[in-house]
Amino acid sequence: MALTLYVDTARWRAHHKHVQEQFPGLVPVCKGNGYGFGHEKLAEEATRLGADVLAVGTTYEAARIKDWFSGDLLVLTPYRRAEEPVPLPDRVIRSVSSVDGVYGLVGARVVIEVMSSMKRHGVSEQELPQLHAAIENVRLEGFAIHLPLDRTDGSDAVEEVIGWMDRLRAARLPLHTMFVSHLKAEELARLQQQFPQTRFRARIGTRLWLGDHEATEYRGAVLDVTRVAKGDRFGYRQQKAASDGFLVVVAGGTSHGVGLEAPKAMHGVMPRAKGVARAGLATVNRNLSPFVWAGKQRWFAEPPHMQVSILFVPSDAPEPQVGEELVAHLRHTTTQFDRIVDR
(Lines give C-alpha, C1' and ligand atoms only; values in the text may rest on other atoms or scores of the structure.)
Protein backbone atom coordinates (compact mmCIF):
# COMPACT_ATOMS: atom_id res chain seq x y z
CA MET A 1 0.00 0.00 0.00
CA ALA A 2 1.63 3.21 -1.16
CA LEU A 3 1.43 6.81 -2.25
CA THR A 4 1.78 6.34 -6.00
CA LEU A 5 2.59 8.73 -8.80
CA TYR A 6 0.83 7.55 -11.95
CA VAL A 7 2.28 8.86 -15.21
CA ASP A 8 0.71 8.66 -18.65
CA THR A 9 4.19 8.36 -20.12
CA ALA A 10 3.19 8.65 -23.79
CA ARG A 11 1.24 11.84 -23.12
CA TRP A 12 3.95 13.20 -20.80
CA ARG A 13 6.65 12.71 -23.43
CA ALA A 14 4.48 14.17 -26.17
CA HIS A 15 4.25 17.33 -24.08
CA HIS A 16 8.06 17.38 -23.72
CA LYS A 17 8.45 17.26 -27.50
CA HIS A 18 5.90 20.04 -27.94
CA VAL A 19 7.80 22.31 -25.53
CA GLN A 20 11.10 21.43 -27.21
CA GLU A 21 9.66 22.42 -30.60
CA GLN A 22 8.54 25.77 -29.17
CA PHE A 23 11.93 26.48 -27.60
CA PRO A 24 14.83 25.52 -29.90
CA GLY A 25 18.01 24.93 -27.88
CA LEU A 26 15.98 24.15 -24.77
CA VAL A 27 17.97 23.51 -21.57
CA PRO A 28 15.90 21.20 -19.31
CA VAL A 29 16.06 22.00 -15.59
CA CYS A 30 16.31 19.24 -13.00
CA LYS A 31 16.60 20.59 -9.46
CA GLY A 32 15.21 20.08 -5.97
CA ASN A 33 13.36 16.77 -5.86
CA GLY A 34 13.38 16.54 -9.66
CA TYR A 35 9.95 18.19 -9.90
CA GLY A 36 8.47 15.19 -8.11
CA PHE A 37 9.93 12.62 -10.52
CA GLY A 38 13.46 12.34 -9.14
CA HIS A 39 16.81 13.31 -10.67
CA GLU A 40 17.49 9.94 -12.27
CA LYS A 41 14.23 9.85 -14.21
CA LEU A 42 14.52 13.41 -15.46
CA ALA A 43 18.14 12.85 -16.50
CA GLU A 44 16.97 9.90 -18.58
CA GLU A 45 14.16 11.98 -20.11
CA ALA A 46 16.57 14.82 -20.92
CA THR A 47 18.80 12.30 -22.68
CA ARG A 48 15.77 11.02 -24.60
CA LEU A 49 15.10 14.59 -25.73
CA GLY A 50 18.66 14.85 -27.03
CA ALA A 51 19.54 17.70 -24.68
CA ASP A 52 23.24 18.61 -24.62
CA VAL A 53 22.96 20.61 -21.37
CA LEU A 54 20.98 19.83 -18.20
CA ALA A 55 20.56 22.55 -15.57
CA VAL A 56 20.68 21.56 -11.89
CA GLY A 57 20.21 23.59 -8.74
CA THR A 58 23.41 23.00 -6.78
CA THR A 59 26.87 21.47 -6.99
CA TYR A 60 25.62 18.65 -4.77
CA GLU A 61 22.90 17.87 -7.30
CA ALA A 62 25.49 17.98 -10.09
CA ALA A 63 27.64 15.46 -8.20
CA ARG A 64 24.66 13.11 -7.84
CA ILE A 65 23.36 13.40 -11.38
CA LYS A 66 26.67 13.31 -13.29
CA ASP A 67 26.51 9.51 -13.65
CA TRP A 68 22.99 9.70 -15.12
CA PHE A 69 23.53 12.42 -17.73
CA SER A 70 26.53 12.45 -20.07
CA GLY A 71 26.17 15.99 -21.40
CA ASP A 72 27.11 19.29 -19.81
CA LEU A 73 25.66 20.21 -16.40
CA LEU A 74 24.81 23.84 -15.67
CA VAL A 75 24.73 24.66 -11.94
CA LEU A 76 22.16 27.44 -11.40
CA THR A 77 23.20 28.48 -7.88
CA PRO A 78 25.92 31.14 -8.26
CA TYR A 79 29.46 30.36 -7.18
CA ARG A 80 30.77 31.86 -3.93
CA ARG A 81 34.42 31.77 -2.86
CA ALA A 82 33.60 30.42 0.60
CA GLU A 83 31.51 27.49 -0.63
CA GLU A 84 32.41 23.89 0.16
CA PRO A 85 34.40 22.38 -2.73
CA VAL A 86 32.60 19.49 -4.45
CA PRO A 87 34.55 17.28 -6.90
CA LEU A 88 32.96 17.77 -10.32
CA PRO A 89 33.94 16.84 -13.90
CA ASP A 90 35.06 19.43 -16.44
CA ARG A 91 31.69 19.25 -18.21
CA VAL A 92 30.10 21.15 -15.30
CA ILE A 93 29.40 24.84 -16.00
CA ARG A 94 29.17 27.22 -13.06
CA SER A 95 26.86 30.20 -12.82
CA VAL A 96 28.50 33.37 -11.49
CA SER A 97 26.74 36.52 -10.31
CA SER A 98 29.67 38.75 -9.33
CA VAL A 99 32.98 39.91 -10.74
CA ASP A 100 34.71 38.44 -7.68
CA GLY A 101 33.09 35.09 -8.46
CA VAL A 102 34.53 35.14 -11.98
CA TYR A 103 38.02 35.78 -10.59
CA GLY A 104 37.52 32.84 -8.23
CA LEU A 105 36.90 30.35 -11.05
CA VAL A 106 40.13 30.54 -13.04
CA GLY A 107 40.08 27.98 -15.86
CA ALA A 108 36.45 27.02 -15.28
CA ARG A 109 33.51 27.10 -17.64
CA VAL A 110 31.16 29.87 -16.51
CA VAL A 111 27.85 31.54 -17.30
CA ILE A 112 27.59 35.09 -15.96
CA GLU A 113 24.19 36.07 -14.55
CA VAL A 114 23.11 39.70 -14.90
CA MET A 115 20.84 41.47 -12.43
CA SER A 116 17.25 41.38 -13.65
CA SER A 117 14.12 43.00 -12.19
CA MET A 118 13.96 39.95 -9.91
CA LYS A 119 16.74 41.67 -7.92
CA ARG A 120 17.87 38.30 -6.62
CA HIS A 121 21.46 38.16 -7.79
CA GLY A 122 23.53 39.16 -10.79
CA VAL A 123 26.20 41.47 -12.13
CA SER A 124 25.07 45.10 -12.28
CA GLU A 125 25.46 47.46 -15.23
CA GLN A 126 28.11 49.40 -13.30
CA GLU A 127 30.25 46.26 -12.97
CA LEU A 128 30.32 45.41 -16.69
CA PRO A 129 33.59 47.26 -17.42
CA GLN A 130 35.33 45.12 -14.79
CA LEU A 131 34.36 41.91 -16.58
CA HIS A 132 36.79 42.42 -19.46
CA ALA A 133 39.80 41.47 -17.37
CA ALA A 134 37.91 38.91 -15.29
CA ILE A 135 36.76 36.76 -18.25
CA GLU A 136 40.26 36.42 -19.68
CA ASN A 137 41.02 33.54 -17.32
CA VAL A 138 37.73 31.61 -17.61
CA ARG A 139 35.92 29.81 -20.39
CA LEU A 140 32.86 31.98 -20.92
CA GLU A 141 29.85 29.92 -22.01
CA GLY A 142 27.54 32.93 -22.16
CA PHE A 143 25.44 35.31 -20.12
CA ALA A 144 22.13 34.58 -18.38
CA ILE A 145 19.11 36.51 -17.17
CA HIS A 146 16.46 35.15 -14.80
CA LEU A 147 13.15 36.97 -15.23
CA PRO A 148 10.14 37.29 -12.90
CA LEU A 149 7.02 35.21 -13.48
CA ASP A 150 4.54 38.07 -13.04
CA ARG A 151 4.82 41.62 -14.32
CA THR A 152 2.27 43.58 -12.32
CA ASP A 153 3.72 46.88 -13.55
CA GLY A 154 2.91 46.05 -17.16
CA SER A 155 6.55 45.94 -18.25
CA ASP A 156 7.73 43.83 -21.19
CA ALA A 157 10.03 40.84 -20.61
CA VAL A 158 11.51 41.12 -24.09
CA GLU A 159 12.35 44.79 -23.58
CA GLU A 160 14.14 43.90 -20.34
CA VAL A 161 16.30 41.35 -22.17
CA ILE A 162 16.93 43.78 -25.05
CA GLY A 163 18.05 46.37 -22.52
CA TRP A 164 20.66 43.98 -21.17
CA MET A 165 21.75 42.92 -24.64
CA ASP A 166 22.36 46.57 -25.48
CA ARG A 167 24.34 47.11 -22.28
CA LEU A 168 26.50 44.04 -22.88
CA ARG A 169 27.09 45.05 -26.48
CA ALA A 170 28.00 48.60 -25.43
CA ALA A 171 30.48 47.12 -22.94
CA ARG A 172 31.99 45.09 -25.83
CA LEU A 173 31.36 41.78 -24.10
CA PRO A 174 30.82 38.50 -26.02
CA LEU A 175 27.18 37.90 -26.94
CA HIS A 176 27.35 34.47 -28.57
CA THR A 177 24.96 32.83 -26.06
CA MET A 178 22.27 34.14 -23.71
CA PHE A 179 20.49 31.80 -21.28
CA VAL A 180 16.99 33.00 -20.40
CA SER A 181 14.22 31.92 -18.04
CA HIS A 182 10.47 32.55 -17.94
CA LEU A 183 9.94 33.73 -21.48
CA LYS A 184 7.07 32.73 -23.76
CA ALA A 185 7.84 31.02 -27.06
CA GLU A 186 6.82 34.08 -29.08
CA GLU A 187 9.00 36.30 -26.86
CA LEU A 188 12.00 34.05 -27.44
CA ALA A 189 11.33 34.16 -31.20
CA ARG A 190 11.26 37.98 -31.12
CA LEU A 191 14.64 38.07 -29.41
CA GLN A 192 16.18 35.58 -31.79
CA GLN A 193 14.96 37.59 -34.76
CA GLN A 194 16.36 40.84 -33.37
CA PHE A 195 19.72 39.31 -32.38
CA PRO A 196 20.43 36.63 -35.02
CA GLN A 197 24.11 36.37 -34.03
CA THR A 198 23.22 35.34 -30.46
CA ARG A 199 21.94 31.90 -29.51
CA PHE A 200 19.15 32.19 -26.96
CA ARG A 201 18.71 29.11 -24.76
CA ALA A 202 15.63 28.83 -22.57
CA ARG A 203 16.13 27.09 -19.23
CA ILE A 204 12.79 25.40 -18.50
CA GLY A 205 11.69 23.13 -15.66
CA THR A 206 8.08 23.54 -14.51
CA ARG A 207 6.60 24.13 -17.97
CA LEU A 208 8.51 21.16 -19.39
CA TRP A 209 7.93 18.51 -16.72
CA LEU A 210 4.64 19.70 -15.19
CA GLY A 211 2.97 21.63 -18.00
CA ASP A 212 0.43 18.92 -18.83
CA HIS A 213 -1.51 18.45 -15.60
CA GLU A 214 -3.53 15.56 -17.00
CA ALA A 215 -0.42 13.44 -17.64
CA THR A 216 0.25 12.76 -13.96
CA GLU A 217 -1.77 11.89 -10.89
CA TYR A 218 -0.98 11.07 -7.26
CA ARG A 219 -3.08 8.45 -5.47
CA GLY A 220 -2.90 7.21 -1.89
CA ALA A 221 -4.00 3.68 -1.00
CA VAL A 222 -6.60 3.17 1.74
CA LEU A 223 -5.00 1.13 4.51
CA ASP A 224 -7.79 0.99 7.11
CA VAL A 225 -11.35 2.22 7.63
CA THR A 226 -12.97 2.52 11.07
CA ARG A 227 -16.58 3.52 11.70
CA VAL A 228 -17.04 6.14 14.45
CA ALA A 229 -20.08 7.70 16.10
CA LYS A 230 -20.47 11.31 17.12
CA GLY A 231 -18.52 11.92 20.31
CA ASP A 232 -16.15 8.94 19.92
CA ARG A 233 -12.55 9.80 20.77
CA PHE A 234 -9.76 8.92 18.37
CA GLY A 235 -6.17 9.60 17.33
CA TYR A 236 -3.04 10.79 19.09
CA ARG A 237 -4.81 13.72 20.71
CA GLN A 238 -8.05 11.84 21.46
CA GLN A 239 -10.30 14.37 19.80
CA LYS A 240 -14.03 13.76 19.58
CA ALA A 241 -15.73 12.90 16.30
CA ALA A 242 -17.98 15.82 15.32
CA SER A 243 -20.51 13.46 13.71
CA ASP A 244 -21.03 9.88 12.59
CA GLY A 245 -18.69 8.75 9.85
CA PHE A 246 -15.49 6.91 8.99
CA LEU A 247 -11.85 7.36 9.92
CA VAL A 248 -9.92 6.55 6.77
CA VAL A 249 -6.20 5.78 7.02
CA VAL A 250 -4.56 6.54 3.69
CA ALA A 251 -0.95 6.19 2.52
CA GLY A 252 0.80 9.55 2.40
CA GLY A 253 2.10 11.53 5.36
CA THR A 254 4.59 14.22 6.26
CA SER A 255 7.55 12.18 4.98
CA HIS A 256 5.87 12.27 1.56
CA GLY A 257 5.22 16.01 1.80
CA VAL A 258 1.52 15.67 2.65
CA GLY A 259 0.43 18.60 4.78
CA LEU A 260 3.28 20.81 3.58
CA GLU A 261 2.37 23.97 1.72
CA ALA A 262 4.56 26.72 0.33
CA PRO A 263 3.46 30.34 0.90
CA LYS A 264 1.52 31.78 -2.02
CA ALA A 265 1.33 35.31 -3.37
CA MET A 266 -2.33 36.32 -3.36
CA HIS A 267 -3.81 38.86 -5.76
CA GLY A 268 -7.41 40.04 -5.55
CA VAL A 269 -10.17 40.03 -2.95
CA MET A 270 -11.45 36.47 -3.43
CA PRO A 271 -8.09 34.63 -3.00
CA ARG A 272 -7.38 36.71 0.11
CA ALA A 273 -10.83 35.96 1.53
CA LYS A 274 -10.30 32.24 0.98
CA GLY A 275 -6.91 32.46 2.69
CA VAL A 276 -8.46 34.13 5.72
CA ALA A 277 -11.21 31.49 5.82
CA ARG A 278 -8.66 28.64 5.72
CA ALA A 279 -6.65 30.23 8.49
CA GLY A 280 -9.78 30.62 10.61
CA LEU A 281 -10.77 26.98 10.15
CA ALA A 282 -7.25 25.86 11.07
CA THR A 283 -7.57 27.54 14.48
CA VAL A 284 -10.39 25.10 15.30
CA ASN A 285 -8.49 22.09 13.91
CA ARG A 286 -10.31 22.03 10.59
CA ASN A 287 -7.74 21.44 7.84
CA LEU A 288 -8.63 20.32 4.35
CA SER A 289 -6.57 17.37 3.13
CA PRO A 290 -5.34 16.94 -0.46
CA PHE A 291 -7.19 13.60 -0.74
CA VAL A 292 -10.42 13.31 -2.72
CA TRP A 293 -13.20 10.82 -2.07
CA ALA A 294 -16.63 10.70 -3.74
CA GLY A 295 -15.90 13.90 -5.62
CA LYS A 296 -14.88 16.02 -2.61
CA GLN A 297 -11.65 16.92 -0.88
CA ARG A 298 -11.88 15.41 2.59
CA TRP A 299 -10.86 16.93 5.93
CA PHE A 300 -7.95 15.68 7.96
CA ALA A 301 -9.28 14.00 11.09
CA GLU A 302 -6.03 15.10 12.76
CA PRO A 303 -2.65 16.37 11.51
CA PRO A 304 -0.99 13.90 9.11
CA HIS A 305 1.35 11.29 10.59
CA MET A 306 4.78 10.50 9.18
CA GLN A 307 3.69 7.99 6.53
CA VAL A 308 -0.11 8.04 6.64
CA SER A 309 -2.95 10.51 6.97
CA ILE A 310 -6.22 9.98 8.80
CA LEU A 311 -9.22 11.51 7.07
CA PHE A 312 -12.78 11.96 8.27
CA VAL A 313 -15.46 10.88 5.80
CA PRO A 314 -19.05 11.65 6.97
CA SER A 315 -21.63 8.89 7.06
CA ASP A 316 -23.60 10.37 4.15
CA ALA A 317 -20.69 9.52 1.81
CA PRO A 318 -19.88 6.01 0.53
CA GLU A 319 -17.60 4.01 2.82
CA PRO A 320 -14.09 3.67 1.32
CA GLN A 321 -12.75 0.14 1.08
CA VAL A 322 -9.27 -1.03 2.03
CA GLY A 323 -7.15 -1.24 -1.12
CA GLU A 324 -8.99 1.54 -2.97
CA GLU A 325 -6.98 4.61 -3.93
CA LEU A 326 -7.81 8.24 -3.31
CA VAL A 327 -6.67 10.93 -5.74
CA ALA A 328 -4.38 13.41 -3.98
CA HIS A 329 -3.84 16.99 -5.15
CA LEU A 330 -0.20 17.39 -4.18
CA ARG A 331 2.49 19.84 -5.21
CA HIS A 332 5.11 17.94 -7.23
CA THR A 333 8.04 19.98 -5.95
CA THR A 334 7.33 19.09 -2.31
CA THR A 335 6.17 15.48 -2.72
CA GLN A 336 8.10 12.20 -2.39
CA PHE A 337 6.23 9.20 -3.76
CA ASP A 338 6.67 5.56 -2.72
CA ARG A 339 6.47 4.30 -6.28
CA ILE A 340 5.93 5.53 -9.81
CA VAL A 341 3.67 3.62 -12.22
CA ASP A 342 3.22 4.02 -15.96
CA ARG A 343 -0.42 4.00 -16.94
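**Strands, buried alanines and enclosed spaces in a predicted model**

At 4% relative accessibility, Ala 221 counts as buried, and this residue makes a convenient starting point for a walk through the structure. The model is a predicted one, and the values that follow were all computed from it. Ala 221 belongs to strand β10. Leaving aside its neighbours within four places in sequence, Ala 221 is in contact with Met 1, Ala 2, Val 249, Val 250, Ala 251, Glu 324 and Glu 325. A further relation links Ala 221 to Val 322: the two lie 101 residues apart along the chain, while 7.7 Å separates their C-alpha atoms.

Some of these contacts lead to strand β13. Strand β10 (residues 216–228) pairs with β13 in the antiparallel sense, over 6 bridges. Within this pairing, Asp 224 has Val 249 of β13 as its bridge partner; Val 249 is also among the residues that Ala 221 touches. Strand β13 has another antiparallel partner in strand β16 (residues 308–314), and 7 bridges join the two. Here Val 248 is matched with Leu 311 of β16. How many residues of strand β13 are buried? The count is 7 of the 7 residues in the run 245–251, so strand β13 is largely enclosed by the rest of the structure.

A second buried alanine, Ala 215, sits in the loop between α8 (206–210) and β10. Its relative accessible area is 0%, and a residue counts as buried under 20%, so Ala 215 falls in the buried class. The contacts of Ala 215, not counting residues up to four places away in sequence, are with Tyr 6, Val 7, Asp 8, Arg 11, Trp 12 and Arg 343. Ala 215 and Ala 10 are 205 residues apart in sequence, and the C-alpha to C-alpha separation is 8.6 Å.

Elsewhere, an open sheet is built from 8 strands with parallel pairing, arranged in the order β2-β9-β8-β7-β6-β5-β4-β3. Strands β2 (27–28) and β3 (53–56) take the edge positions; each has a single partner strand, so one side of each is left without a neighbour in the sheet. Helix α7 (residues 185–194) packs on the sheet, where it touches β8 (177–181) and β9 (199–204). The direction of helix α7 makes about 160° with that of β9. Strands of a sheet pair through backbone hydrogen bonds, either parallel or antiparallel. One parallel pair is formed by strand β6 (residues 109–113) and strand β7 (residues 139–146), which share 5 bridges. In this pair, Val 110 has Leu 140 of β7 as its bridge partner.

The search for enclosed spaces gave 1 cavity of 30 Å³ or more. The largest cavity has a volume of about 40 Å³. Which residues line the largest cavity? They are Glu 113, Val 114, Ser 116, Met 118, Arg 120, His 121 and His 146. Sorted by class, this lining has 2 nonpolar, 3 polar and 2 charged residues.

Among the open pockets, the second largest has a volume of about 850 Å³. Of the 31 residues in its lining, those closest to the centre of the pocket are His 146, Leu 149, Ser 181, His 182 and Thr 206. The elements that give two or more residues to this lining are β9 and α8. By class, the lining of the second largest pocket divides into 11 nonpolar, 11 polar and 9 charged residues. His 146 appears in the lining of the largest cavity and also among the residues closest to the centre of the second largest pocket.

Two residues deserve a look for their backbone angles. Most residues other than glycine have a negative phi, and most peptide bonds are trans. Lys 119, however, has a phi near 55°, a positive value in a residue other than glycine. Lys 119 is placed in the loop between β6 and α5 (128–134). Is Lys 119 buried or exposed? With a relative accessible area of 66%, and exposed meaning over 50%, Lys 119 is exposed. The other residue is Gln 238, whose phi is likewise positive and near 55°. Gln 238 is found in the loop between β11 (233–234) and β12 (239–240). The relative accessible area of Gln 238 is 41%, which makes this residue partly exposed.

Notes
Residues numbered from 1 in each chain as written. Predicted model: local features only at pLDDT ≥ 70, side-chain atom pairs only at ≥ 80, totals over all residues. Heavy atoms only, no water. Pairing = 2+ DSSP bridges. Helix = DSSP H or I, 4+ residues; strand = E, 2+ residues; numbered from the N terminus. Contact = heavy atoms within 4.5 Å. Axes fitted to C-alpha atoms, helices over the stretch in contact; angles between N-to-C directions. 1 Å grid on protein atoms, 1.4 Å probe; cavity = no way out; pocket = protein on both sides within 12 Å on 5 of 7 lines; lining within 4 Å. Points joined across faces, edges and corners; volume = space filled by probe spheres on them. Nonpolar A, V, L, I, M, F, W, Y, C, P; charged D, E, K, R; others polar. Buried < 20%, exposed > 50% of the residue type's maximum accessible area, 1.4 Å probe, protein only.
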